[in-house]
Amino acid sequence: MGIIQSFILALKSLLNNKMRAFLTMLGIIIGVGSVILIMSLGNGMTKEVEDSFESMGTQSITVTLTGRGSTRSYTEDDMYDFVEENRNVIEAYTPTVNVMATVRPTGWTEDLSTSISGVGEEYLTVKSYNTDQGRFISYIDCYAREKVCYVGAYYNSSEVYNGNAVGSTLKINGDIYKIIGVAEEITDATDEDSSDNFIVIPYTVALRMSRTGTVSSYTLLASSEDTVSQVKQIMLNELYATYEDEDAYSVMALAEVLDTLTSILDTMVVVIACIAGISLLVGGIGIMNIMLVSVTERTREIGIRKALGAKRRDIKLQFVIEAMTTSLIGGIFGIALGVIGADAAGDLLSMSASPTLTSIVVSVGISVGVGVLFGYLPAKKASELNPIDALRYE
Amino acid sequence: MKELIVFEHIYKIYQMGDTEVRAADDISFKIHKGEFVAIVGQSGSGKSTCMNIIGALDVPTEGSYYLDGADVGTMDDNQLAEIRNKMLGFIFQQYNLIPKLTVIENIELPLLYAGVPKSIRRKRAKEVLNKVGLSEKAKNLPSQLSGGQQQRVSIARALVGDPSVILADEPTGALDSRTGREVLEFLQKLHSDGNTIVLITHDNSIAVKAERIIRLQDGKVVYDGPSNVPEAVVNPDIPIELQKKNTEEGGGI
């Protein structure tokens, strides 16, 4: 008897017992559905993380100096010299000084919550922002500690300066700063909570404001993704030569962080998918159970078939294919459920959670495998029935 | 005539606890091509064992069984399946049709296991269905047919593979006497067409429809000869006069 014939027979037998077939499939449907859903969400999450890192620049390297355990220090001038020496691999760099300060735009009666940091003149290149109006902070501004600031596109919105930000002033910690430039929009939704709400000031001004002597954080931009590790290495060498203590500094490449994060995410997704996969196992056992019942119910049929010339192989094939068909159809329903679920979950979490071809292929493969694996035992049992006993079975 | 079924000192011995049951105890006979033989006996006489061995559903403990020259007694499971498929046509008391398959699909089953292509299968099945006079029921399920019709379907299924032997196990057992008679007449017609038929029954009145009777008792052959002599239906345990009377009235023993 051919495989196609067995498959048609299996379909018929499933259709004869629709409710039972559906309940048997349910384990597989839920198993495959949840595996696909989780893998899709995992993919979406990874992509989200990658995107946000890419927007930060995968070529950037963050240097943090704590000076812990060392009496030596690495100054802005040291960093400047280092960068100038290595201009072939470093495209740009900027000191970063975080500032805790109150901001009040002109005409406002209350403070605006915003993020302020002190940066160097190459900050725009490091961040790959573009200027919409005016200019960015210059070397002279930093050198002369000018009270000027460069703001995000939010300040040009109707809520704040309504297009007239450049030339206007605002108060930071009560001091008046002149706005010299506005960045282009970074996000489509330019509002108070978006990343378009930021202020940068010369790092020298920020240092004075935060009452710290030296810059403790820098961001370097490698000339390309290929030179990231090279830049990281020479930076590490340079810092070790100064501090002679690895605890005194840390150098982190975003690309590496991204790799680490992605691999953590991947592992997490695989672990959760495996947990979901347990329901596939349970579903498989459900199929085996029903197949065993079915073999008992159809003992007489097996006897008849054997009397008419069915070999053990024919009977075995019939039951294995029946189990496989059950789990395959369950798998197909599961894929539909997973894809619909992933779509809905993606909408809910506003991210793209699309199932990959791999996850679908793997799911179908697993569900067919489960059918064969768990169908084999009942099929073997059926094929080994003695035709005389089977024919006599009531 | 060619020897089709040869039983040579067949023994079938079961061990039930400490006791040894001799279901077949040195049975020997030959059935030739084209014969219509009834194997008769009461329950426990060994006729079912005989049928199982003839039908290649079972192998003897000792002795040789040749079917059309092939030594069936030494065959393995797959070879037995092949013999059942190619050389034997079964007619059962309970019809044994598969309930979820249509009439035509049931008839096609032996050809399916023989690997016959679908178009030929269908054509052949339609031919035999026509022969048993149920062409219009091809697409029906067995449950939509009367007992007699179901038995005719099962006869069609037995015929479809053009077997060497048609093995009928109590074919009228589940039928009323009129339909039972029709089925027997049909078997007689098949015999007159040249088919070899082995009929297994406990009922003398049915056995006499065959041309030869093999009577079994306690696993041994107690009579082997023509059906149209009084001795054919004799049961040694019951007075012969009483048995004759019963047979003439058409009743069984």
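The questions and answers below deal with the cores, the chain contact and the salt bridges of a predicted model.

Q: How many residues does the largest nonpolar core have?
A: In soluble globular proteins, nonpolar side chains tend to be buried together. In this model, the residues with the most contacts inside the largest such core include B:F7, B:F29 and B:L67. The number of residues in that core is 62.

Q: Which residues with the most contacts inside the largest core are also in contact with B:Y65, leaving aside its neighbours within four places in sequence?
A: B:Y65 is in contact with B:V6, B:I10, B:I53 and B:A70, among others. The residues with the most contacts inside the core include B:Y65 itself. Found in both lists are B:I5, B:F7 and B:I54.

Q: How many residues are in the second, separate core?
A: This core includes A:V103 and A:V148. A:C149 and A:A183 are also among its members. Its residue count is 60.

Q: How much area do chain A and chain B bury between them?
A: The size of an interface is often given as the accessible area lost when the parts come together. Here the contact takes 25 residues from chain A and 24 residues from chain B. Carbon and sulfur atoms carry 57% of the buried area, and the whole comes to about 2200 Å².

Q: Which three residues supply 27% of the area that chain A buries against chain B?
A: No other three residues supply more of the area that chain A buries against chain B. One of the three, A:K311, also forms a salt bridge with B:E82, with the closest N and O atoms 3.0 Å apart. The three residues are A:L308, A:K311 and A:I388.

Q: How many salt bridges are counted between chain A and chain B?
A: Side chains of opposite charge can pair when their charged atoms come close. The pair B:E82 and A:K311 is a salt bridge between the two chains. The count between chain A and chain B is four.

Q: Which helix of chain A supplies the largest share of the side that touches chain B?
A: Helix 1 (3–16), helix 9 (299–307), helix 10 (312–348) and helix 12 (387–392) of chain A each supply at least two residues of that side. The largest share is six residues. It comes from helix 9.

Q: How many residues on the side of chain A that touches chain B are charged?
A: The residues of this side divide into three groups. Nine are nonpolar and six are polar. The charged residues number 10.

Q: How far apart in sequence are the parts tied together by the pair A:E297 and A:R20?
A: The two residues form a salt bridge, with the closest N and O atoms 2.7 Å apart. A:E297 lies in helix 8 (residues 254–297) of chain A, and A:R20 lies in helix 2 (residues 18–56) of chain A. The pair therefore ties together parts whose separation in sequence is 277 residues.

Q: Is A:D141 buried or exposed?
A: A:D141 meets A:R135 in a salt bridge (2.8 Å, N to O). A:R135 counts as partly exposed, at 38% relative accessibility. A:D141 has a relative accessible area of 5%, and the limit for buried is under 20%, so A:D141 is buried.

Q: Which residue of chain B belongs to the network of salt bridges that share partners?
A: The network takes in A:R298, A:E301, A:R305 and A:E322. The remaining member is B:K100.

Conventions: Residues are numbered from 1 along each chain as its sequence is written. Chains are lettered from A and ligands numbered from 1 in the order in which they are written. This is a predicted model: local features need pLDDT of at least 70, side-chain atom pairs count only at pLDDT 80 or more; totals for chains, interfaces and linings use all residues. Side-chain values use heavy atoms; hydrogens and water are left out. A nonpolar core is a set of buried Ala, Val, Leu, Ile, Met, Phe, Trp, Tyr and Cys residues joined through side-chain atoms within 4.5 Å. Buried means under 20% relative accessible area, exposed over 50%, partly exposed in between (1.4 Å probe, protein chains only). Contact means heavy atoms within 4.5 Å. Buried area is the accessible area (1.4 Å probe) that two parts lose on being put together, summed over both. A salt bridge is a side-chain nitrogen of Lys or Arg within 4 Å of a carboxyl oxygen of Asp or Glu. Helices (H or I, at least four residues) and strands (E, at least two) are DSSP runs, numbered from the N terminus. Ala, Val, Leu, Ile, Met, Phe, Trp, Tyr, Cys and Pro count as nonpolar, Asp, Glu, Lys and Arg as charged, and the others, Gly among them, as polar.
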